[in-house]
2 protein chains.
Amino acid sequence: MRRKEQGLEGSSTSETLRQPFQDYFAAICNLVASELDSTLPAKWAVPAHLREAMDYSLKAGGKRLRPLLVISACEALGGRREAALPVAAAIEMVHTYSLIHDDLPAMDNDDYRRGKLTNHKVFGEATAILAGDALLTHAFYSVVQASRRYDIPAERTLSIIEDLAEMSGPRGMVGGQIADMEGEQGLTDLDQLRYIHLHKTGDLIVFSLLAGGRIAGATEQQLEALRQFGTLIGLAFQVQDDILDLVGDEGKLGKKTGSDIKQQKVTYPYFIGLEASREEVKRLTEAAQKAVLEGGFQDSTRLLEIAVFLMARDH
Amino acid sequence: MRRKEQGLEGSSTSETLRQPFQDYFAAICNLVASELDSTLPAKWAVPAHLREAMDYSLKAGGKRLRPLLVISACEALGGRREAALPVAAAIEMVHTYSLIHDDLPAMDNDDYRRGKLTNHKVFGEATAILAGDALLTHAFYSVVQASRRYDIPAERTLSIIEDLAEMSGPRGMVGGQIADMEGEQGLTDLDQLRYIHLHKTGDLIVFSLLAGGRIAGATEQQLEALRQFGTLIGLAFQVQDDILDLVGDEGKLGKKTGSDIKQQKVTYPYFIGLEASREEVKRLTEAAQKAVLEGGFQDSTRLLEIAVFLMARDH
């Protein structure tokens, strides 16, 4: 399995694509960082302590995977990169808020995230709760800016907001988090684990791709292909996460490996074993690539590369 | 002062208006309750525990003041009551989420709200945090339904979403809550108290009025009048709250009076005294009524009644 993964990455074609992809990803990270820097209008009187707490977690060095998906989907359909930026920033805010709340003492009670102290360890619990609330709320403001700054039609922006609320709300990410908490009380089977993965992580990944597509004016057929692609790489991403938690490098991950086992969290390797989990990641990735290739996009290169990148990542 | 208040309420004109206003308010409460009942689409797979926690606080018997404001503003400008319902439900969700988070042990650590156990006392802290997150997120979904169900133009709905995110986010309600927390550490002067009142409570009141106006297709001048009216009654509402906390009836309030003093919270009566605070409520109310009368609305009756109702309330 490991050999096959290396084969896919190591072929001369993949190698050629790989270097530009890293540059592409780095360029997007820079753009998103600058968008996040200016996301709170300068004229707004935001209490300094709140601004600091929001910034702390926004800039704590996330992988920026979701912004990458928004922009890549937009560009795959011939859309403008800049027009996707407000939504790319929004999804990173939603992701960040969910991590801040997830780390709270009442939830996972984590002291470290990405190798840095968690928000509540630095700013206290009350401020961490409110900083999360503020990031979630401001994400919706940021999406509206796609219309305000880049003339995305209001109807299209409204659909993005509808998706964001649905996929990060009670039937989406928050629903997945509740199911995850209930799973920790020993109720989980593989179906429930899939539900958790699909919603806790998967929905924001699907949202990112749909939103990128909508910004570029995707057809229903293209949106459906993006939805399939997102569901498949989202699940692959999460199974890979389970695998890395078991066998990964603590330094690269920024958290202790084996922590899911210690916390008695059930995972893919727990249910089907490590090798079968790796096969599952590969199967999901290939199915995701197929969905993209059949989606009728202008240029599928980046989306195909992202699927490989996610499968091969070691942190 | 008390006599004058009674005079304003007790005049034959006010008395005539008062009965229908109570009926009007009751009818709106019923409509909003039914809207909140069906706000999560039946086909959505929302974990039962989460749905229960959201419902518990949504139905814990709030005053429904903000939905009343949305609908009254909409109708004052000749808009349809039904079209305002999704936004009326949304603002109640935002208000409810803010109360759930506010009551958490890390924040105000309250066991009771409106005479009932607080959300985290019934469902646990983790679920309470997530139920709040879910309500906030779903509020934005609900606003979108104004366009989906009642053909409100997308551009107008987008402005409502922009307002909601701005006024409930880091420069709005959450900013006010942070300032309030900092105030509890003894930093407050009257200016800071005004900042807290304007944002922690006032912004959602202003939002409700603007949103109602936007649904009805308000002009810029009308929106400005609604904004002024909202700012003034929002401040009056909060000063009245400070007064009631000092002298109110515990049974009606559903919380202990004098609790702000015990928690060493600074309030209007603390700074300017009880009688001057009552004068301030009256001054603000009259200025609010003036703003409405000069706003060029189709029918200002209900908005004027609301100003009186807020001033005269005893819980």
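**Interface, rings and single residues in a predicted two-chain model**

Reader: Across the interface of chain A and chain B, how many residue pairs are in polar contact?
Author: The model is predicted. The pairs that count have both residues at pLDDT 80 or more. Across the interface of chain A and chain B, the rule then finds 12 residue pairs in polar contact.

Reader: Which element gives the most to the side of chain A that touches chain B?
Author: The elements that give two or more residues to that side are H3 (48–58), H5 (81–102), H7 (125–150), H8 (154–168) and H9 (173–187) of chain A. One of them gives 16 residues, the most. That element is H7(A).

Reader: By class, how many nonpolar residues has the side of chain A that touches chain B?
Author: The side of chain A that touches chain B includes eight charged residues. Another 13 are polar. The nonpolar residues number 29.

Reader: What area is buried between chain A and chain B?
Author: The contact takes 50 residues from chain A and 50 residues from chain B. Carbon and sulfur atoms give 75% of the buried area. The area itself is about 4300 Å².

Reader: Which three residues supply more of the area that chain A buries against chain B than any other three?
Author: Their share is 15% of the area that chain A buries against chain B. The three are Leu130(A), Leu158(A) and Pro170(A).

Reader: At what distance do Arg148(A) and Glu162(B) meet in a salt bridge?
Author: The count between chain A and chain B is four salt bridges. The side chains of Arg148(A) and Glu162(B) form a salt bridge. N to O, the distance is 2.8 Å.

Reader: Is the ring pair of Phe21(A) and Phe309(A) stacked or tilted?
Author: Over all chains the count comes to 13 aromatic pairs. The ring centres of Phe21(A) and Phe309(A) are 5.4 Å apart, and the planes stand at 55°. Stacked needs under 30 degrees and edge-to-face needs over 60. At 55° the pair is therefore tilted.

Reader: How many residues apart in sequence are the parts that Phe21(A) and Phe309(A) tie together?
Author: Phe21(A) lies in helix H2 (residues 12–37) of chain A. Phe309(A) lies in helix H16 (residues 301–312) of chain A. The pair therefore ties together parts separated in sequence by 288 residues.

Reader: Does Phe21(A) count as buried or exposed?
Author: The limit for buried is under 20% relative accessible area. Phe309(A), at 25%, counts as partly exposed. Phe21(A) has 3% relative accessibility, so Phe21(A) counts as buried.

Reader: Which residues form one aromatic cluster with Phe25(A)?
Author: The cluster is in chain A and includes Phe25(A). The other members are Phe21(A) and Phe309(A).

Reader: Is the aromatic pair of Phe25(B) and Phe309(B) stacked or edge-to-face?
Author: Phe25(B) is in helix H2 and Phe309(B) in helix H16 of chain B, 284 residues apart. Centre to centre, the rings are 5.5 Å apart. The planes are at 90°, and edge-to-face starts over 60 degrees, so the pair is edge-to-face.

Reader: Which side chain does Arg81(B) join in a polar contact of 2.7 Å?
Author: Arg81(B) lies in helix H5 (residues 81–103) of chain B. At 21% relative accessibility, Arg81(B) counts as partly exposed. Beyond four places in sequence, Arg81(B) touches Tyr24(B), Ala27(B), Ile28(B), Leu31(B), Ile71(B) and Glu75(B). The polar contact of 2.7 Å is with the side chain of Glu75(B).

Reader: Which backbone oxygen does the side chain of Tyr56(B) reach?
Author: Tyr56(B) lies in helix H3 (residues 48–58) of chain B. At 18% relative accessibility, Tyr56(B) counts as buried. Leaving aside neighbours within four places in sequence, its contacts include Lys116(B), Thr118(B) and Phe123(B). At 2.7 Å, the side chain reaches the backbone oxygen of Leu117(B).

Reader: With which side chain does the side chain of Glu35(A) make a polar contact?
Author: Glu35(A) is found in helix H2 of chain A. At 8% relative accessibility, Glu35(A) counts as buried. Apart from neighbours within four places in sequence, Glu35(A) is in contact with Leu85(A), Pro86(A), Ala89(A) and Arg149(A). The polar contact, at 3.1 Å, is with the side chain of Arg149(A).

Conventions. Residues are numbered from 1 along each chain as its sequence is written. Chains are lettered from A and ligands numbered from 1 in the order in which they are written. This is a predicted model: local features need pLDDT of at least 70, side-chain atom pairs count only at pLDDT 80 or more; totals for chains, interfaces and linings use all residues. Side-chain values use heavy atoms; hydrogens and water are left out. Contact means heavy atoms within 4.5 Å. Buried area is the accessible area (1.4 Å probe) that two parts lose on being put together, summed over both. A polar contact is a pair of N or O atoms within 3.5 Å; within protein, one must be able to donate a hydrogen and the other to accept it, and residues adjacent in sequence count only if both atoms are side-chain atoms. Helices (H or I, at least four residues) and strands (E, at least two) are DSSP runs, numbered from the N terminus. Ala, Val, Leu, Ile, Met, Phe, Trp, Tyr, Cys and Pro count as nonpolar, Asp, Glu, Lys and Arg as charged, and the others, Gly among them, as polar. Rings of Phe, Tyr and Trp (its six-membered ring) pair if their centres lie within 6.5 Å; planes under 30 degrees apart count as stacked, over 60 as edge-to-face and the rest as tilted. Buried means under 20% relative accessible area, exposed over 50%, partly exposed in between (1.4 Å probe, protein chains only).
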